[in-house]
Amino acid sequence: MPIVQVTTSLTKEQIPKDFTKTFSAFLAETLDKPIEKITLVITCDALVCNAGDESPFMLISIISIARFNEKDNPGYTDKISTFVKEETKLPGNKIQIVYTDLQPHMVGKGK
C-alpha cells in the first residue's frame, strides 16, 4: 500500500528515464512490500525553497500501513537517500523524506 509522493525542483529531463520503475522496485524491496502495492507519483519542476535556498531539491513523502517507527526509519533514510543520490546526483542534504504511518481504515481503494 505504500503511496510515495516525490516533489522535486528537478526537471523531467533530469530524472533518469526508468527512475519510476527502478525506484518503485527499490522501495518495494526496502520496505518489504510487494511491488504491486507500491504507488509512486513524481512531480517535477516544482518551485522549492529549502533552508532559504532554491537549488535542486527533492521531497519524498511515504505513506504506509504499519511500517514506520523510530527504530527503522533511520535505516530507511540511509538506503533511500543513497539510492536517490546515485540516480539523480542530488547531494544528500537536498533530499528530505517524510514518513507517515497509517491505520488500515485510513486508506480506501476503488473497485
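The largest pocket in this predicted model is lined by Met1, Pro2, Ile3, Glu36, Lys37, Ile38, Thr39, Val107, Gly108 and Lys109. The space in this pocket comes to about 220 Å³. Sorted by class, its lining holds five nonpolar, two polar and three charged residues.

Two of the lining residues, Ile3 and Thr39, lead into the strands. Strand β1 covers residues 3-8 and strand β2 covers residues 39-43. These two strands run parallel to each other and are paired over five bridges. Within the pair, Val4 faces Leu40 of β2. The connection between the strands involves helix α1, residues 19-31. Together, β1, α1 and β2 form a β-α-β unit of the right-handed kind.

A further strand, β3, spans residues 58-65 and includes Ile63. Leaving aside residues up to four places away in sequence, Ile63 is in contact with Met1, Pro2, Ile3, Gln5, Phe68, Thr100 and Leu102. Among these contacts, Met1, Pro2 and Ile3 also appear in the lining of the largest pocket. Leu102 lies 39 residues from Ile63 in sequence, yet the C-alpha atoms of the two residues are 7.0 Å apart.

Is Ile63 buried or exposed? Its relative accessibility is 21%, and buried requires a value under 20% while exposed requires one over 50%. Ile63 therefore counts as partly exposed.

Methods: Residues are numbered from 1 along each chain as its sequence is written. This is a predicted model: local features need pLDDT of at least 70, side-chain atom pairs count only at pLDDT 80 or more; totals for chains, interfaces and linings use all residues. Side-chain values use heavy atoms; hydrogens and water are left out. Two strands pair if DSSP finds at least two bridges between them. Helices (H or I, at least four residues) and strands (E, at least two) are DSSP runs, numbered from the N terminus. A crossover is right-handed if, with the strands pointing away from the viewer, the path from the first strand over the helix to the second runs clockwise. On a 1 Å grid over the protein atoms alone, a cavity is a set of points where a 1.4 Å probe fits but cannot get out, and a pocket is an open set with protein on both sides within 12 Å along at least five of seven lines; lining residues have an atom within 4 Å of a point. Grid points are joined across faces, edges and corners, and a volume is the space filled by probe spheres set on the points. Ala, Val, Leu, Ile, Met, Phe, Trp, Tyr, Cys and Pro count as nonpolar, Asp, Glu, Lys and Arg as charged, and the others, Gly among them, as polar. Buried means under 20% relative accessible area, exposed over 50%, partly exposed in between (1.4 Å probe, protein chains only). Contact means heavy atoms within 4.5 Å.
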